[in-house]
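This report describes a single protein chain. It begins with the annotated positions and then turns to the chain as a whole.

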Amino acid sequence: MFADIYSPVQQLKHHSRAQILIKRDDLIDPYISGNKWRKLKYVLKKAIELNKVHLVTFGGAYSNHLVATAAACARKGFKSTAFVRGDAVACIENEMLLLCRLFGMTLIFTDREQYRNKPLLFSVHFGDDPEAYFVDEGGASAEAVKGCAEIVDELMVDCPDGITHLFCAAGTGTTAAGLLKGIHANGLKTMLHVVPVLKGGEFIADEVLKYAGSTKQLVLHTDYHFGGYAKTQPALIEYIKAFVGQEGVLIDPVYTSKLFYAIDDLTAKGYFKKTDQIMALHTGGLLGIMGMKGKFIY
Ligand SMILES: *Cc1c(COP(=O)(O)O)cnc(C)c1O
């Protein structure tokens, strides 16, 4: 499975203000989408090496990571369990959790208080299960960083003339850390621009430093969160409608729309030079639209 990654580089043809290239990690898989596959690849490999056959992980009720983990485990013949943050009594149902269940994932609903101590939850439920393997929320780990660094190796083949500015959206910053590690490991001059999708995104720099060992060539753009994680504003919804209709490329309201909005805004403010090669990493997450369908009024 996944011997060949399908993630072509394309140009946004109708994009009004700048020549933007886009790395289509959203096309890797509809369910193990974008950076979630990059992050799970070496986690699964390590689990197999340790003779584990059951991934136990954590996420909110609309987590792309949960769907990706459920689908990847099903294909690998692994069991999967998720602690879902929310109400421990009410059984939450939505499109994302339906997909998790279809892929065979066991869901354990956990209130916010208990959810906070993930190692404790794991040890209480699976402490005596030698086949169970702890995977942190969002898949954050050194293995995830390694998988994301490979994106840069591919980009060197995709774009032999080099990339001036590489952009990605960030939640935990693990993907960004992997990209920067890849940039440094290959001795590239590329600047990594990170758009945190939550408020107070300055912490992303610490996360990147932790895994990449340096924040050289890192630029954070912390003003494009639109109110916070999974928050939108009418301007963002209008932006998504215009972008998708013009480009024929779907973007999601939680991550990639904030990324492209930031690139457009910086372009309009004259941030880039004409000769700059700008690349955006499409990290997928398109199922996130389902959680916000009510916001799209036509
Ligand atoms: C999870 C996710 C991210 C955030 O990745 P981090 O490594 O947590 O920063 C970005 N984009 C999409 C589409 C995602 O699903």
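## The annotated lysine

Does K36 count as buried or exposed? The model is predicted, and in it K36 has a relative accessibility of 11%, so this lysine counts as buried; the cut-off for that class is under 20% relative accessible area.

K36 is the position that UniProt, in an unreviewed entry, lists for "modified residue: N6-(pyridoxal phosphate)lysine". Helix α1, which spans residues 35–49, contains K36. When neighbours within four places in sequence are left aside, the contacts of K36 are with N64, H65 and A68.

## The annotated serine

A second annotation concerns S63, where UniProt (unreviewed entry) places the feature "active site". S63 belongs to the loop that runs between strand β3 (54–59) and helix α2 (64–76).

Why is S63 classed as buried? Its relative accessibility is 13%, and because the class takes in values under 20%, S63 counts as buried.

## An exposed helix residue

A185 lies in helix α7, which covers residues 174–185. With a relative accessible area of 67%, A185 is exposed, since that class requires a value over 50%.

How far apart in space are A185 and V152? Their C-alpha atoms are separated by 9.4 Å, while 33 residues separate the two in sequence.

## Overall fold and dimensions

Ten helices and ten strands make up the secondary structure elements of the chain. The radius of gyration is 19 Å, close to the 19 Å that the globule rule gives for 298 residues, so the chain is as compact as a globular protein of that length. Along the principal axes, the C-alpha atoms fill a box of roughly 60 × 45 × 35 Å.

Of the 298 residues in the chain, 56% are buried. Among contacts with a separation of 6 or more, 75% are between residues 24 or more positions apart.

## Surface and charge

The area exposed by the chain is about 13,400 Å², of which carbon and sulfur atoms supply 55%.

The chain carries 33 positive and 31 negative charges. The mean positions of these two sets are 2 Å apart.

Methods: Residues are numbered from 1 along each chain as its sequence is written. This is a predicted model: local features need pLDDT of at least 70, side-chain atom pairs count only at pLDDT 80 or more; totals for chains, interfaces and linings use all residues. Side-chain values use heavy atoms; hydrogens and water are left out. UniProt positions are given in the numbering used here, feature names are shortened, and annotations may be inferred rather than shown by experiment. Helices (H or I, at least four residues) and strands (E, at least two) are DSSP runs, numbered from the N terminus. Buried means under 20% relative accessible area, exposed over 50%, partly exposed in between (1.4 Å probe, protein chains only). The radius of gyration is taken over C-alpha atoms; the globule rule is 2.2 Å times the number of residues to the power 0.38. Contact means heavy atoms within 4.5 Å. Accessible areas come from the Shrake-Rupley method with a 1.4 Å probe; for residues, only the protein chains shown count as cover. Lys and Arg count as positive and Asp and Glu as negative; His and the chain ends are not counted. The place of a charge is taken as NZ of Lys, CZ of Arg, CG of Asp or CD of Glu.
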